[in-house]
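Good morning, and thank you for the opportunity to speak. I would like to walk through one structure, taking its features in turn.

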Amino acid sequence: MSVPQPPEPIPGARLLFSLDPAVSHLNHGSFGAVPIGVQRAQQRLRDEMEANPLRFFTQGLVDRIAHTRRHLAGFLGADPDGSALVGNTTTGVAVVLQSLGLQPGDEVLSTDHGYGAVSLAIQRECRRTGAVSRVLPIPLAASDEQLVQIIRAGLRPGRTRVLVVDQLTSATAKLFPTAAIVGVAREHGVPVLVDAAHAPGMLSTTVASIGADFWVGNLHKWAYAPRGTALLAVTPQWRDRIEPLVVSWEQESGFPARVEWQATLDYTSWLAAPAGLFTLRSLGVDRVRAHNAALAAYGQRVVADALGVPPAQLPDPGGPEVSLRLIPLPAGLAATIDAARALQARIGERLAAEVAVMSWNGRGWLRLTGQIYNTADEYERLAARLPALLAQR
């Protein structure tokens, strides 16, 4: 099977970012990269804040946040009145979990593809309330139909108080059929919380079309917003029950203001987020999505070929827009989280390439991303040098 061809570069895209040109940045999925224009928009907002803090925080800021929320929610296909801006997906998950009113005997159901910090949040809330966490194993190669059937069989109506699933998993770069999962859970009366950390900007699926009770996604990964920008969308029946992690002066205003307002928080990342969407739209949303997915697929095959991994052993991401790709590492490498972190750091230091190394189910995986600032030769350089580094155990 031939290696897929890389996409044509988007002219001038690399110049939109302030990334170190001496490093290949092949891990956009972890922390994103903020375009220079968006950085400047946020700095102007910071300058405004520091010029007169009292005026900035007390005259119209709540309305400015609401206006920003409406803009971002509209882009994502979410109800602006049923959405709240939060710092990141993990924060949104914590808000939902502590608002559920879990009790002893209740169950929080999730899968073994879940993000580590979300799993820790579930465990903490279960310890605090006496509820139980149960994790469903999902084979990496499971089809959408198989995945839905596993979840259907795992639901325990009357006991399962919430199902937590990823829209696109971080550890395994697998696209879940979230709308179908929500449909099955609804048949059994189980609310669903969707961790959509990687969805905004990358995936075209709208929040409304998924229909989850709770959906939370970051805009600072693939939608070019400043870091610390995420949207939590909640269906009408749950909105009055959502409580913030910290009570503020907007507590009596209800959702979403009670969640958004956190006193002296730096709100400039949220207010500058529309500049990120402006950048994405100026480049062409569909064009960026197609470019990034094609480049990630090219990088996956080039590096996999260098490591001797047959195409049949490369995980299928499950959708044409996915810009995260996995490559299995040789057996015994990065089998634990600590070993994965150490290998990731070594690749960064010795090969000047920032990648993600994941440990999942006792196996090490290399995760690559494609972004408009990347070029095909960056993956080719990694492919040429990585085998020798991995051989140095």
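I begin with a definition: a residue counts as buried when its relative accessible area is under 20%. Please keep in mind throughout that this is a predicted model.

The cut-off can be applied at once to Tyr224. Its relative accessible area is 1%, and therefore Tyr224 is buried. This residue is placed in the loop between β7 (214-218) and β8 (230-234). What is the phi of Tyr224? The value is positive, about 65°, although Tyr224 is not a glycine. For context, most residues other than glycine have a negative phi, and most peptide bonds are trans.

A positive phi also appears at Ala263, where the value is near 55° and the residue is again other than glycine. Ala263 is found in the loop between α11 and α12. Is Ala263 buried or partly exposed? Its relative accessibility is 40%, so Ala263 counts as partly exposed.

The peptide bonds deserve a word as well. Phe255 and Pro256 are joined by a cis peptide bond, with omega at about 10°. Pro256 belongs to the loop between α10 (236-239) and α11. In helix α11 itself we find Ala257. With a relative accessibility of 16%, Ala257 counts as buried. Between the C-alpha atoms of Ala257 and Asp213 there is a separation of 19 Å, and these two residues are 44 residues apart along the chain.

I turn now to the aromatic residues. A pair of aromatic rings is described by the distance of the centres and the angle of the planes. How many aromatic pairs does the model contain? The count comes to seven. One of them is formed by Phe57 and Tyr267, an edge-to-face pair with 6.3 Å from centre to centre and 65° between the planes. Phe57 lies in helix α3 (residues 53-58), whereas Tyr267 lies in the loop between α11 (257-260) and α12 (268-283), so this pair ties together parts that are 210 residues apart in sequence. Both partners, Phe57 and Tyr267, are buried.

Tyr267 takes part in a further pair, this time with Trp270. That pair is edge-to-face too, at 5.5 Å between the centres and 70° between the planes. The relative accessible area of Tyr267 is 0%, and that of Trp270 is 2%, so Trp270 is likewise buried. Which residues make up the aromatic cluster? Phe56, Phe57, Trp261, Tyr267 and Trp270 form one cluster.

Aromatic rings also meet charged groups in this model. The charged end of Arg241 sits over the ring of Trp238, at 4.0 Å from the ring centre. Similarly, Arg363 has its charged end over the ring of Trp365, with 5.6 Å to the centre of that ring.

The next topic is the packing of helices. Two packed helices are described by the angle between their axes and the distance between the axes. Consider helix α13 (residues 285-306) and helix α15 (residues 376-391): their axes come within 8 Å and cross at roughly 20°. Angles under 35 degrees count as roughly parallel, and therefore α13 is roughly parallel to α15. The crossing of these two helices, α13 and α15, is right-handed. On the α13 side, the residues that meet α15 include Leu295, Tyr298 and Val302, and on the α15 side their counterparts include Tyr379, Leu382 and Leu386.

How do α12 and α13 pack? Their axes are 5 Å apart, and the angle is about 80°. This makes α12 roughly perpendicular to α13. Where these helices meet, α12 contributes Leu280, Arg281 and Leu283, while α13 contributes Val285, Arg287 and Val288.

I close with another residue of α12, namely Gly276. At 0% relative accessibility, Gly276 counts as buried. Which residues are in contact with Gly276, leaving aside its neighbours within four places in sequence? They are Val38, Ala223, Tyr224 and Ala225. We thus return to Tyr224, the buried residue with which this talk began. Finally, the C-alpha atoms of Gly276 and Val34 are separated by 7.9 Å, with their positions 242 residues apart along the chain.

How values were computed: Residues numbered from 1 in each chain as written. Predicted model: local features only at pLDDT ≥ 70, side-chain atom pairs only at ≥ 80, totals over all residues. Heavy atoms only, no water. Phe/Tyr/Trp six-rings, centres within 6.5 Å; stacked < 30°, edge-to-face > 60°. Helix = DSSP H or I, 4+ residues; strand = E, 2+ residues; numbered from the N terminus. Buried < 20%, exposed > 50% of the residue type's maximum accessible area, 1.4 Å probe, protein only. Lys NZ or Arg CZ within 6 Å of the ring centre and 35° of its normal. Axes fitted to C-alpha atoms, helices over the stretch in contact; angles between N-to-C directions. Parallel < 35°, antiparallel > 145°, perpendicular 65-115°, else oblique. Left-handed = near helix turned anticlockwise from the far one by under 90°. Contact = heavy atoms within 4.5 Å.
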